[in-house]
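Colleague: Before we discuss this entry as a whole, please take one strand of it and go through its surroundings closely, residue by residue where that helps. From there, please carry the account outwards to the other parts.

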Amino acid sequence: MPFFVFVIPLRFPMPTVRFTRNIQRHVACPTREAAGTTLREVLDCYFSSNEQARGYVLDDQGRLRGHMAVFIDGRQIDDRDSLSDAVGTEAVVDVVQALSGGRR
Amino acid sequence: MKVRCHVATRKGLFTLERGDSNWSIKQASFLGDNCTLVLHDPRNGNLVAALNHGHFGIKLHRSRDGGITWNEITTPKYPEKPSDYVPKVNPMQGKPAEWSLKLVWSMAAGGGNEPGVLWCGTLPGGLFQSKDEGDSWELNRPLWDDPLREQWFGGGAEQPGIHSVCVDPRDSRHLTVGVSCGGVWTTRDGGANWQITAKGMRAEYMPPELQFEPNAQDPHMIVQCRSNPDVLWAQHHNGIFRSVDAASSWTEISNVKPAAFGFAVAVHPADPKTAWFVPATKDEKRYPLEGRVVVNRTKDGGETFETLSAGLPQIHAYDLVYRHALDIDDTGDCLMFGSTTGSLWASANGGNSWETLSSNLPPIYAVRFEKPN
């Protein structure tokens, strides 16, 4: 009697990160999952494989740029500097432009 | 022989060429994007363009083929602010200066003996150096950490900034930088040590006893004569100043008509006594006097000025010319300047007469000729 071992791949849910369409002409930012429990961790995970995009969203001190906005499951974040807002395992993070920066 | 000039505007970068006769726009790059400054590096022909994307911040792009193709390069980054650093509140603004890149405000190529070196002045006051043509940048800490730097304040912008970087063609380690507002600073050892060198400048906007305070001066633009680098000219917030001793001291040029206010200045590359200015009514109004665009030229070191107007609009013209929007080519004959209302003029005879190249460009921030090494 042969002995079979069934390996069932496990998939741990992770937050999904989506970016404004307007950033795409500068740097490709496809929607994908990124691990983390805070916004900082999630964005660090995303940018670790897309370093150029980091500077488009965060300033040189790691803060959210003045005219960018981030929503977690539709709720605007509270902490734009430390990015400490909690992110649930199946949350959707939207990185969008604030209209305040649109005057050109 | 082709002469090329690059024009940085609110809606892109335009490259003009003059063949045997007229100037024409040959190329447009970054159309629709806010291109605030451009550098042509005479040592290798590279172009570096500074873009301000608003939402997405400041970016630099480099072209190695004269602007046909561009690649984004590293943008200067302020290092992480130390956690124990307690910034001083600037008394002029009631808050500390920022510690984060707000604008690339000046770019200069290093000397001929230091290939790859670029300098970049920024708001809020950091000077950056690259040793690899812009692939990486490092904040000059001796200047940034100078206690006087925290007293700098914004002039026209919320933050102070470095708008002029003059590299001495005789000695690449000798730099003179202009700060608005923070006077003039000089290093003779490549940036390891700095001295404030604005003695003689006068700040009309300060209380009487502080008007000659070097660190409170607002030079709008500083240029250095290529053939005699000891001579520098400054278009200051409230006047024109000249130095003949490499910025050790400055002399105010008085009785300048129609106005001593303006932003831009150019100096003849072979004649330190010849310089050009674009005057405007000072300083809260900022438009050409009586709606007439004119250029002021001195040929005798500021003793006298000619007001040049041939070919320039003389009725209902309200063009303001920003500090980087006037340039002179390496021959000293050809000048070009552009305005906030998108007008662009060129002269092939030292300013005696001017030709309108366009009246329809976007607001112009910078005009830069390509110059031989």
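Modeller: What follows begins with one strand of chain B and then moves outwards to other strands, the cores and chain A.

The model is predicted, and for that reason local features are described only at pLDDT of at least 70 and side-chain atom pairs only at pLDDT 80 or more, while totals for chains, interfaces and linings use all residues. Residues are numbered from 1 along each chain as its sequence is written, and chains are lettered from A and ligands numbered from 1 in the order in which they are written.

The strand in question is β26 of chain B, residues 344-347; strands here are DSSP runs of E with at least two residues, helices are runs of H or I with at least four, and both are numbered from the N terminus. In a regular strand, side chains point alternately to the two faces of the sheet. In β26(B) both faces are covered, since B:L344 and B:A346 on one side are buried, as are B:W345 and B:S347 on the other. A residue counts as buried if 20 or more other C-beta atoms, placed from the backbone, lie within 10 Å of its own, as exposed if there are 12 or fewer, and as partly exposed in between.

Two strands are said to pair if DSSP finds at least two bridges between them, and β26(B) has such a partner in β25(B), residues 335-338, which runs antiparallel to it and is joined to it by four bridges. Within this pair B:G338 stands opposite B:L344. The two strands form a hairpin with five residues between them, where B:G342 takes a positive phi near 80°. β26(B) also pairs with β27(B), residues 355-358, again in the antiparallel sense, over three bridges, and there B:W345 faces B:T356.

A comparable walk can be made around β14(B), residues 183-187, where four of the five residues are buried, so that the strand is largely enclosed by the rest of the structure. Five bridges tie β14(B) to β13(B), residues 175-180, in the antiparallel sense; these two strands make a hairpin with two residues between them, and B:G178 has B:V184 as its bridge partner. β14(B) pairs as well with β15(B), residues 195-196, over two bridges and antiparallel, with B:W185 opposite B:I196.

Elsewhere in chain B, four strands make an open antiparallel sheet in the order β8-β9-β10-β11. Because β8 (103-109) and β11 (138-139) stand at its edges with a single partner strand each, one side of each is left without a neighbour in the sheet. Further in, β9 (118-123) and β10 (127-130) of chain B are joined by four bridges, and B:G121 stands opposite B:L127.

As for the interior, a nonpolar core is taken to be a set of buried Ala, Val, Leu, Ile, Met, Phe, Trp, Tyr and Cys residues joined through C-beta atoms within 7 Å. The largest has 101 residues, of which B:A264, B:A325 and B:F337 touch the most other members. Apart from it lies another core of 22 residues, among them A:V57, A:L58, A:L83 and A:V87.

Chain A has two helices and five strands, which follow one another from the N terminus as β-β-α-α-β-β-β, and 25% of its 104 residues count as buried. In α1(A) the buried residues are A:L39, A:V42, A:L43 and A:Y46. Seen down the helix axis they fall within an arc of 90°, so they line one face of α1(A), the arc being that of the directions from the axis to the C-beta atoms. These buried residues pack against β1 (16-19), β3 (68-72) and β5 (92-97) of chain A. In the loop between β2 (32-33) and α1 (39-47) of chain A lies A:T37, which is partly exposed because 13 other C-beta atoms lie within 10 Å. A:T37 and A:G88 are 51 residues apart in sequence, yet their C-alpha atoms are 6.4 Å apart.

Where the two chains meet, 13 residues of chain B and 13 residues of chain A take part in the contact, contact meaning that the C-beta atoms of two residues, placed from the backbone, lie within 7 Å.
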